[in-house]
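This report is written for a reader who is meeting the structure for the first time. It starts from a single residue and its contacts, and then widens to the chain as a whole.

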Amino acid sequence: MVVHIIGDRVQHETTGITGKVIGYGYRKVTESYYLTTLKVELFSYNSIRPIVEDLFERWQVLACSLPQSSNRILSKIS
């Protein structure tokens with residue numbers, strides 16, 4: 001199972017839309033059973049950035065985000 005973290009670029013397997021993971025949620029299936037969802041900010045050519053939420057397993061990772069500590073190390077090297 002691939003773990004999606006906040007900042008990852010993802011694509012929806014059914015619709016093909018792409019965006020960036022901004023959070024997590026859940027969908028209640030029964031009284032005691034929940035499924036994990038991803039909240040994704042869609043990439044757009046205008047200033048409006050819609051947010052969608054769908055089941056975790058329907059998204060595939062296109063590009064992983066670097067941890068914050070790695071970003072600082074890379075900026076010092078450059």
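## Valine 21 and its contacts

When residues up to four places away in sequence are not counted, valine 21 touches His4, Ile5, Ile6, Gly7, Asp8, Val10, Leu38 and Lys39, where contact means heavy atoms within 4.5 Å. The model is a predicted one, in which local features need pLDDT of at least 70 and side-chain atom pairs count only at pLDDT 80 or more, while totals for chains, interfaces and linings use all residues. Residues are numbered from 1 along each chain as its sequence is written, and side-chain values use heavy atoms, with hydrogens and water left out.

## The chain as a whole

The protein chain has one helix and five strands, and they follow the order β-β-β-β-β-α along the sequence; helices (H or I, at least four residues) and strands (E, at least two) are DSSP runs, numbered from the N terminus. Of the 78 residues in the protein chain, 21% count as buried, a label that means under 20% relative accessible area, whereas exposed means over 50% and partly exposed lies in between (1.4 Å probe, protein chains only).

The protein chain exposes about 5,800 Å², of which carbon and sulfur atoms supply 56%; such areas come from the Shrake-Rupley method with a 1.4 Å probe, and for residues only the protein chains shown count as cover. Among contacts in the protein chain between residues at least 6 apart in sequence, 37% join residues at least 24 apart.

## The nonpolar core

In soluble globular proteins, nonpolar side chains tend to be buried together. Here the largest nonpolar core has seven residues, namely Val10, Val21, Leu38, Val40, Leu42, Phe56 and Trp59. Strand 3, which covers residues 33-42, gives the most to this core, with three residues. A nonpolar core is a set of buried Ala, Val, Leu, Ile, Met, Phe, Trp, Tyr and Cys residues joined through side-chain atoms within 4.5 Å.

Leucine 38 belongs to strand 3 and counts as buried because its relative accessibility is 0%. Leaving aside neighbours within four places in sequence, leucine 38 is in contact with His4, Val21, Gly23, Tyr24, Val52, Glu53, Asp54, Phe56 and Trp59. The C-alpha atoms of leucine 38 and tryptophan 59 are 8.1 Å apart, although the two residues are 21 residues apart in sequence.

## Threonine 36

Threonine 36 also has its place in strand 3, but it is partly exposed, since its relative accessible area is 42%. Apart from neighbours within four places in sequence, threonine 36 is in contact with Gly25, Tyr26, Leu55 and Phe56. Between the C-alpha atoms of threonine 36 and tyrosine 26, which lie ten residues apart along the chain, the separation is 4.5 Å.

## Salt bridges

Side chains of opposite charge can pair when their charged atoms come close. A search of the whole structure finds three salt bridges, each defined as a side-chain nitrogen of Lys or Arg within 4 Å of a carboxyl oxygen of Asp or Glu. In one of them, arginine 27 pairs with aspartate 54, with the closest N and O atoms 3.8 Å apart. This pair links distant parts of the chain, as arginine 27 is in strand 2 (residues 18-30) and aspartate 54 is in strand 4 (residues 51-55), 27 residues apart. In another, the side chains of arginine 58 and aspartate 54 meet at 3.2 Å, N to O. Salt bridges that share partners thus join Arg27, Asp54 and Arg58 into one network.

Within this network, aspartate 54 is buried, with a relative accessible area of 12%, while arginine 27 is partly exposed at 38% and arginine 58 is partly exposed at 36%. A further salt bridge brings together the side chains of lysine 28 and glutamate 31 (3.6 Å, N to O); lysine 28 counts as partly exposed at 44% relative accessibility, and glutamate 31 counts as exposed at 65%.

## A nonpolar patch on the surface

On the surface, Val3, Ile5, Ile6 and Tyr24 form a nonpolar patch with about 380 Å² of accessible area together. Patches are made of residues with over 30% relative accessible area and no salt bridge, with like charges joined within 9 Å and nonpolar side chains (Val, Leu, Ile, Met, Phe, Trp, Tyr) within 5 Å. Isoleucine 6 lies in the segment before strand 1 (9-12) and is partly exposed, with a relative accessible area of 49%.
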